[in-house]
Amino acid sequence: MKLITRHPIPFALAALVLLAALWPLPPLVDAVTGQPPGDADLLRPFFYVALAPLSNTLDALTFLSLGRAWVLIGTWVVALAAWGALRPGSPPRRVLRAGLGAAAVFLLAAATVVVPRPVPRLESADSSATVIDYHAHTAASHDGRRGWSPADLAAWHAAQGFQASYVTDHNVPYPPLSPPGDLAIRLLPGVEWSVYRQHVVALGEVRPINRDSFSRDTPAMLRLFGELHRQGALAIASLPEYWENHREDLEAFVTAGVDGFEIVNCAPKGLAFPPAARRDVLELAAGHDLLVAGASDNHGWGKVTCVWNVTHPAAHGFQANHVFARPVALAQGAHPAWEAAITQPWLMLRSLGWSERISWLTWIALIVLYRAQPRRQGQAAGLGILARSLGTRPPDRG
Ligand SMILES: [Zn+2]
């Protein structure tokens, strides 16, 4: 009992880890049915699970919509700085603790974007199917990470179980003139055309177009679908990012010959796509037997995708492609931005598997045991320095 009152935060966290299991979220869901896929699994490597508190936190920070990301970062910076400043101690020590609290949030955010780490991979039980990404970028895009080569992109995909990916740089058709060399997976030709208030992902060998002639208004934009067909490519409307722009035009997209719609997009803006808009698009696509797709929309930042496609290369239409997404990502459009600092951690804890929950509890127990260790005054080894500088009361002795 004494242990609990002396270490309230670790014990509260342990209680939340266990409590969240009462409202479990599956590791993956089919974005069309909302149900866990029967024939695909999310495999988590040993070190991903061993470091679960870090792995899960960095994943949860990756799957934040833009608005929720700002609110979460802002709230936690203020909360941790205030916590550091308000705990007892000399003024310089309080200032130091407040600074460390705020810095910790920025460090975690930076780690989310760039630090290499073990990542989960999708494995499909259907050996005749291909795990594919329809929309991803290299450094050839104006907003792609500098130096993010096709080989880097292929390795990023391979680590997560993808067998192929289209490369869809902004207004720069792939493949480039110089061959990309050895690649971990097959990269397929494509491009993402920016036209009138809409991004259209073209899948296949494409020729340059005069974008001006598709950028005047909606009818002009819709002619792009026919042009892509003449080139032998498919036209997919990348809806999640700009869904509000053409909300009333989706029937016209179909009439003009669009081949499919993105229904999940892992870019921070695309993650805000609301479930109601997704349902409308699904209904339309199902009614016209059109493809629905998920897009990592990777630009070289972040280590994990929020979505995979499992497809049969020869098949067409609504049933041909299965979109499997992480529930935390799908929930972004359903939760208002202002509550992100609370709902994102809660969604993360709900989606833990039992191996991850045990990893969390083990880490919490280790930290409590370490901090409960009686220590002589002045014997401040290792983490003890950090614990004390954060204001830990020296444990009672004798
Ligand atoms: Zn894109």
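Helix α11, which runs over residues 275-287 and has 13 residues, should span 18 Å at 1.5 Å a residue, and its end C-alpha atoms are 18 Å apart, which agrees; the expected span is 1.5 Å times one less than the number of residues. The model is predicted, so that local features need pLDDT of at least 70 and side-chain atom pairs count only at pLDDT 80 or more, while totals for chains, interfaces and linings use all residues. Residues are numbered from 1 along each chain as its sequence is written.

The two sides of α11 are set out below, where a residue is buried if 20 or more other C-beta atoms, placed from the backbone, lie within 10 Å of its own, exposed if 12 or fewer, and partly exposed in between.

| Side of α11 | Residues |
|---|---|
| Buried | Arg278, Val281 and Ala285 |
| Turned away, exposed | Ala276, Arg279, Glu283 and Gly287 |

The buried residues cover an arc of only 65 degrees around the axis, which puts them on the same side of α11; the arc is that of the directions from the helix axis to the C-beta atoms. Their cover includes α9 (239-242), α10 (250-255), β10 (260-265) and β11 (291-295), where contact means C-beta atoms, placed from the backbone, within 7 Å. Aspartate 289, which follows α11, has a positive phi near 50 degrees.

The protein as a whole has 15 helices and 13 strands, these being DSSP runs (H or I, at least four residues, for helices; E, at least two, for strands) numbered from the N terminus. Buried residues make up 37% of its 398 residues.

How values were computed. Contact = placed C-beta atoms within 7 Å.
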